[in-house]
Amino acid sequence: MLGSTRETDKAMTTAKDQRERSSATPGVRLVVAMPALNESATIQDVIRRIPESLPGVDSITVVVVDDGSSDSTADLARQVGAHVISHAYRQGVGAAFQTALRYAISERADLLATLDSDGQFNPEDLAELIEPVASGDADFSTASRFKDPALVPDMPGVKKWGNRQMSRLISRLAGQRFYDVSCGMRCYNREAMLSLNLLGKFTYTQEVFINLAFKHMRIAEIPLKIRGEREFGKSRVANSISRYAINTSKIIWSSYRDFKPWRFFGWISAIVLTPALVIGFFLTWHYFGDVSRPADQIPELVGTYEAENGLKVTVPRYSIKPYQWMVPIAVALGVLSVLLFYAGMFGDMLVRHRIYLEELLVHARDNATGEKATSTGASPLSPGVLKAPTHDASGKRTKFLVFGAPVIEEEDVAEVVDSLRSGWIGTGPKVARFEDNFRQYKGGEAHAIAVNSCTSALHLSILCLDLEPGDEVITSAMTFCATVNAILHAGATPVLADVDPRTMNIDPASVESRITDRTRAILPVHFAGMPCDMDAIEAIAKRHNLRIVEDCAHAVETEFKGRRAGTMGDFGCFSFYATKNVTTAEGGMVLSRNEDDAKRVKRLSLHGLSQDAWKRYSDTGYRHYFVNELGFKCNMTDLQASIGIHQLARVDTNWLSRQHVWDRYQNDLADLPIALPAQPEGDMRHGLHLFPVLIDESRTGVSRDSFLEQLQARQIGAGVHYLSVSEHPFYQSLGWNPSDCPEALRIGRQTLSLPLSAGMDDRDIDDVVAAVRSIISDNA
Ligand SMILES: Cc1ncc(COP(=O)(O)O)c(C=O)c1O
């Protein structure tokens with residue numbers, strides 16, 4: 001059954017041994033990971049058929065890596081109990097596997113099994129698949145469609161042929177016989193997981209083989225009966241055979257080059273050297289030989305002759321004139337082959353360096369996850385940054401828990417450094433990439449324009465409504481001052497509507513009651529990440545012919561009945577401020593349904609200059625630009641976008657981490673006399689940006705402000721989101737009266753937001769819960 005046998009005592013290492021080494025992890029933990037892209041037809045069935053228990057395994061976690069699906073794959077998977085990690089946009093099945101791998105490593109899984117979500121594999125076969133790995137006989141096992149001739153599935157001939165050729169190629173490169181190197185149903189032990197170092201995003205299957213075979217891992221091929229084709233739709237990897245062949249070859253040959261540079265460059269060098277030698281031989285033979293020499297080289301004719309007219313003619317002794325072009329070619333090929341030979345040597349040096357770095361990587365990964373497992377317990381996903389100590393030896397919290405701390409990873413830092421080094425630090429290609437990624441995350445239909453803040457996003461969007469002085473925009477009384485300021489800066493009049501006491505979102509009935517003949521737009525705020533009742537708001541807008549601008553500062557991930565926040569109104573405005581779910585330190589984004597509006601926002605964000613003015617100093621040559629209208633200076637820079645690109649790629653992973661915090665607060669604080677935030681209903685997705693609780697002094701015996709101070713004294717940071725807008729003196733100077741919006745007034749005086757960040761671990765949550773409980777009991 002095994003593809004190769006290793007002679008080291010690693011053969012004795014079983015998953016159980018590994019578990020025993022990690023005292024913090026009880027039992028053998030299997031993560032079953034399923035890469036998925038638009039698999040709504042099959043995903044639930046596949047998940048349901050995964051066995052609840054498997055021999056040699058103590059716990060099973062199913063995780064679906066949703067590679068940017070535009071259908072309901074993620075929701076369906078969640079409904080049947082899977083963890084879902086969603087890529088913000090489609091990155092490829094190789095990237096999805098890498099996400100699954102990171103998840104399994106960070107969760108200290110002992111085994112990782114992968115299954116396609118398209119129903120090709122029978123999940124009940126998992127027992128047979130994992131057996132050699134769980135028992136310690138192999139480091140890696142893969143289902144094999146071609147090992148047993150009786151089990152070869154029905155598939156188009158060309159696919160079968162392609163699979164076989166691929167297996168032959170990998171077998172040849174790796175020096176071991178494999179029958180099926182492209183199957184997605186596999187199992188890895190922890191050692192195999194830690195040693196994988198994959199670069200290919202398009203696919204991963206063959207690269208895994210090369211990685212593991214060259215690292216002398218023990219590989220088992222298990223013949224299994226597998227459906228040869230997807231049940232529904234087309235394979236995204238193999239739907240174009242030529243594209244598949246090109247992309248896969250690139251991945252295979254580059255990993256072969258990295259592992260075996262001597263052989264790789266040696267072969268190319270030999271191929272180049274051969275014609276050089278042939279030409280050289282031919283020339284030598286021709287130079288010294290006497291057969292088929294042209295007349296001018298026949299020795300008898302050599303010499304200088306004088307013709308009758310006095311002209312002298314010389315016949316040289318060894319002329320190779322007719323073949324002179326061969327000389328530079330032979331020399332060039334010879335030089336090239338020597339260079340390739342040196343490339344091999346240089347590559348070899350890099351390989352040694354790589355091996356050294358990989359050793360460090362394995363230790364770093366193992367140590368990092370070890371620390372996490374002992375300190376945090378079961379948070380579904382936490383950032384990989386190592387933290388400074390937060391508690392003293394007695395377990396008392398010593399480090400202040402910063403409210404809304406951003407989660408910054410090394411990749412964010414590296415991307416910023418890359419921009420700094422590139423010298424292009426203003427608005428440039430990374431802003432364009434961030435805009436495109438954001439657009440795709442939001443379903444790909446709206447236009448996205450990056451700006452320097454949500455305040456600017458709102459301001460420019462409202463300007464595009466072309467309002468006249470005195471025109472009114474109705475917005476929520478429970479919002480940050482930026483929302484109303486943007487309306488004022490755009491020359492319009494804000495009108496505050498009261499909020500729904502349960503959701504704290506703008507109350508459609510209150511909106512309706514504020515409509516006058518000057519009303520032009522509604523500006524709902526998806527407060528804390530909870531979607532507003534967009535059905536009701538759209539109905540009002542339609543009835544009164546009003547435009548809608550959504551304030552999505554809290555709502556990157558928010559969805560209302562399957563529609564993504566920011567795509568329902570005419571404009572959607574997002575914030576990437578430091579405490580937001582996706583941060584660029586400061587930054588914002590406008591989504592617009594209409595292309596002309598999008599162009600106008602872009603123009604207004606850069607002085608009103610003509611399109612692409614930011615390229616005026618690029619290497620494509622200087623371009624003249626023209627000022628087309630009075631604009632502002634609100635463009636985003638590549639430095640900011642560098643952070644945003646990676647923040648966005650992790651948006652759903654971070655959301656999952658916050659969901660864990662949210663769920664724990666909802667459970668652990670449920671019995672206290674404080675009001676907890678409303679839970680989203682069935683077909684809504686909450687952005688989980690804030691966790692606002694209400695401190696009613698008549699029930700808790702302590703005022704909100706005193707509660708805040710007592711939390712701070714216990715090293716817990718909290719926020720107030722928000723005082724009702726008209727409580728602020730400036731707005732009262734405009735004649736606004738807080739009691740016009742009584743619910744917002746009450747909430748604003750009672751509300752307090754507990755820390756909610758993807759960077760929090762279970763110990764942080766325990767501290768918050770304990771602090772809240774002790775304040776309530778101390779004041780009872
Ligand atoms: C609801 C709301 N709207 C707008 C903004 C303004 O965002 P920015 O700081 O990116 O300008 C914020 C900021 O916190 C906000 O909470």
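Tutor: A polar contact is a pair of N or O atoms within 3.5 Å. Keep that cut-off in mind as we look at this predicted model.

Student: Thanks! How far does a backbone N or O atom of C454 lie from an oxygen atom of the ligand?

Tutor: That distance is 2.9 Å, with the backbone of C454 supplying the N or O atom. Side chains take part too: an N or O atom in the side chain of K580 is 2.7 Å from a ligand oxygen. For the side chain of Y722, the corresponding distance to an oxygen atom of the ligand is 2.6 Å. The ligand exposes 400 Å² when taken alone, and the protein buries 93% of that.

Student: Which residues come nearest to the ligand?

Tutor: There are 16 residues around the ligand, and T455, D551, S575, K580 and Y722 come nearest. Sorted by class, this shell has seven nonpolar, seven polar and two charged residues. Two helices to find in the structure are α14 (454-463) and α15 (481-489), each of which supplies at least two residues of the shell.

Student: Now the cysteines. How many disulfides does the structure hold?

Tutor: The general idea is that a disulfide joins the sulfur atoms of two cysteines by a covalent bond. Here the count is zero.

Student: Why does C552 make no bond with C573?

Tutor: A disulfide needs the two sulfur atoms within 2.5 Å. The closest cysteine sulfur to that of C552 is in C573, and because it is 7.0 Å away, it is too far for a bond.

Student: Is C552 buried or exposed?

Tutor: Buried means under 20% relative accessible area. C552 has 0% relative accessibility, so it counts as buried. C741, at 2%, is buried as well.

Student: How should I read a sheet?

Tutor: Strands of a sheet pair through backbone hydrogen bonds, and the pairing is either parallel or antiparallel. In this model, one open sheet has three strands in the order β16-β15-β19, with antiparallel pairing. Since β16 (563-564) and β19 (684-685) are at the edges with a single partner strand each, one side of each is left without a neighbour in the sheet. Strand β15 (residues 559-560) pairs with β16 over two bridges. One residue pair to look for is F560 with its bridge partner in β16, R563.

Student: Where does R108 lie?

Tutor: Look in the loop between α4 (93-106) and β4 (111-114). R108 has 12% relative accessibility, so it counts as buried. Try finding V28 as well: R108 and V28 are 80 residues apart in sequence, while their C-alpha atoms are 9.8 Å apart in space.

Terms used
Residues are numbered from 1 along each chain as its sequence is written. This is a predicted model: local features need pLDDT of at least 70, side-chain atom pairs count only at pLDDT 80 or more; totals for chains, interfaces and linings use all residues. Side-chain values use heavy atoms; hydrogens and water are left out. A residue is near a molecule or strand if one of its heavy atoms lies within 4 Å of it. A polar contact is a pair of N or O atoms within 3.5 Å; within protein, one must be able to donate a hydrogen and the other to accept it, and residues adjacent in sequence count only if both atoms are side-chain atoms. Accessible areas come from the Shrake-Rupley method with a 1.4 Å probe; for residues, only the protein chains shown count as cover. Helices (H or I, at least four residues) and strands (E, at least two) are DSSP runs, numbered from the N terminus. Ala, Val, Leu, Ile, Met, Phe, Trp, Tyr, Cys and Pro count as nonpolar, Asp, Glu, Lys and Arg as charged, and the others, Gly among them, as polar. Buried means under 20% relative accessible area, exposed over 50%, partly exposed in between (1.4 Å probe, protein chains only). Two strands pair if DSSP finds at least two bridges between them.
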